[in-house]
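Here are some short exercises to work through with the model open beside you. Try each task before reading its solution.

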Amino acid sequence: DASALLSLRNARFAKPQKHYYDTPPQIERGWREFLFDMQGRCYLDMVNNVTTLGHAHPRLTAAIAQQWSRLNTNSRFHYAAVAEFSERLAMLAPDGLDSVFLVNSGSEANDLAIRLAWAHTAKRNMLCLLEAYHGWTVASDAVSTSIADNPQALTTRPDWVHPVLSPNTYRGPFRGPDSGIDYLNDVTAKLQTIDERGLGLAGFIAEPVYGNAGGIALPHGYLAGVYDAVRQRGGLCIADEVQVGYGRLGEHFWGFESQGVVPDIITIAKGMGNGHPLGAVITRREIAESLEKEGYFFSSAGGSPVSCVVGLTVLDVIKDENLQENAHVVGDQLKAGLIALMDRFPLIGAVHGTGLYLGVEFVRDRESLTPATEETAAICERLLDLGVIMQPTGDHLNVLKIKPPLCLAPESADFFVKALETALADGF
Ligand code: PMP
């Protein structure tokens with residue numbers, strides 16, 4: 001029974017691996033943006049930023065089954081899918097970013113990106129943002145400063161990590177979309193310290209839309225300014241597109257387009273595999289080849305025939321089903337519905353984000369912006385009762401993490417707004 005299995009999980013699945021909710025539903029099936037538990041109860045999955053196409057997409061299921069039944073091996077062998085998928089990714093990336101590494105997760109992609117910056121520049125120091133999350137592997141974890149994910153984050157950084165102020169235009173030290181210059185001053189000061197100490201700069205890593213802070217747009221001109229300053233010192237700029245890339249923003253396929261910049265290295269994962277472990281690094285040839293100084297690169301499952309077929313099919317379905325456009329249209333509708341709730345419910349301090357990458361930030365008071373952390377947890381619990389899977393994000397865990405499958409139907413967006421309205425009107 002479900003409670004015995006939950007006890008078993010809690011006993012055997014090592015403790016640092018948390019689950020959503022104290023008493024989570026035991027889910028056994030998914031379809032589009034819906035999940036079903038053992039009793040057949042249906043939930044709207046608004047949080048799952050991995051399932052781009054929706055759960056159990058039949059085309060993906062068929063493609064995986066067919067490839068598995070014929071061949072799966074590693075990328076030292078030559079087969080069509082590895083060539084085709086690498087070419088598709090290179091074609092999706094801006095001109096000049098034409099070399100592709102295939103790995104299995106976002107953490108691995110970011111770890112490799114940092115290693116590429118180290119190898120290419122022969123320097124070690126990295127700039128990153130406070131409040132960021134880039135992964136759990138040694139290097140990607142080092143540049144992950146989110147205290148929500150790791151309360152010790154700021155005391156356990158290796159000395160090559162140099163975090164700059166979180167450019168959080170809602171609650172950071174400088175506010176509003178035009179605060180870029182103030183945040184850039186902080187970046188310049190950090191870079192000067194690195195220069196003065198003669199440390200040398202390997203690069204800068206950031207999400208082009210600030211996912212971990214709740215889907216907040218970076219200030220205007222911020223990335224252009226940082227990229228310039230970093231490049232002047234010979235450093236490389238890494239765009240972590242693990243969450244924001246692949247059409248989720250609706251208006252743009254890549255997050256960096258929203259800042260009008262072109263990175264030196266792009267990292268992707270999550271949605272590109274629709275739940276299948278898949279990650280990639282796309283960069284310029286000379287950067288990719290700098291890794292040869294250290295030897296070769298090999299990942300046993302990265303770029304396997306099955307992974308490549310998954311990646312190709314996900315891109316085909318995004319295109320054939322107009323999922324980026326759906327993220328744009330349904331995302332706008334959803335955001336408008338959420339903003340409309342703000343008049344009645346002062347607890348909503350802001351609605352962040354674009355496309356199907358939104359965050360509703362709860363505050364006790366719109367002046368002081370005191371985070372409504374406990375309220376956000378209670379709202380998520382109530383939403384579960386109302387049939388919606390939702391979780392908090394942000395350093396204060398006071399932002400609803402709205403990242404549903406890109407196939408989200410307009411009725412599902414309305415259902416979510418209604419459920420949130422009910423929770424707020426009832427006092428959760
Ligand atoms: N970068 C970002 C922005 C992420 O959100 C995540 C995962 N939450 C990662 C990297 C790490 O990806 P993975 O869990 O696939 O290792």
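The exercises below concern a predicted model, and each is followed by a worked solution.

**Exercise 1.** Find which residues come nearest to the ligand, and sort the shell around the ligand by class.

*Solution.* Start with the 14 residues around the ligand: Ser 105, Gly 106, Ser 107, Gly 135 and Val 242 come nearest. Next, sort the shell by class, which gives three nonpolar, eight polar and three charged residues. Finally, look at where the shell comes from: helix α4 (residues 106–121) gives the largest share, three residues.

**Exercise 2.** Work out where the largest nonpolar core lies with respect to domain 1 and domain 2.

*Solution.* The largest nonpolar core has 118 residues, and Ala 113, Met 126 and Ala 280 touch the most other members. Both domain 1 (2–53 + 322–425) and domain 2 (58–320) give residues to this core, so it lies between them. Now zoom in on Met 126: leaving out residues up to four places away in sequence, Met 126 touches residues including Ile 114, Val 143, Trp 160, His 162 and Phe 204.

**Exercise 3.** Check the span of helix α9 (residues 305–320), then find what covers its buried residues.

*Solution.* At 1.5 Å a residue, the 16 residues of α9 should span 22 Å; the end C-alpha atoms are 22 Å apart, which agrees. Among the buried residues of α9 are Pro 305, Cys 308, Gly 311, Val 314 and Ile 318. Their cover includes α2 (58–70), α3 (80–92), β4 (99–103) and α10 (323–340). Just after α9, Asn 322 takes a positive phi of about 50°.

Terms used
Residues are numbered from 1 along each chain as its sequence is written. This is a predicted model: local features need pLDDT of at least 70, side-chain atom pairs count only at pLDDT 80 or more; totals for chains, interfaces and linings use all residues. A residue is near a molecule or strand if its C-beta atom, placed from the backbone, lies within 6 Å of it. Helices (H or I, at least four residues) and strands (E, at least two) are DSSP runs, numbered from the N terminus. Ala, Val, Leu, Ile, Met, Phe, Trp, Tyr, Cys and Pro count as nonpolar, Asp, Glu, Lys and Arg as charged, and the others, Gly among them, as polar. A nonpolar core is a set of buried Ala, Val, Leu, Ile, Met, Phe, Trp, Tyr and Cys residues joined through C-beta atoms within 7 Å. A residue is buried if 20 or more other C-beta atoms lie within 10 Å of its own, exposed if 12 or fewer, and partly exposed in between; C-beta atoms are placed from the backbone. Domain bounds come from an automatic or database domain assignment. Two residues are in contact if their C-beta atoms, placed from the backbone, lie within 7 Å. The expected span of a helix is 1.5 Å times one less than its number of residues.
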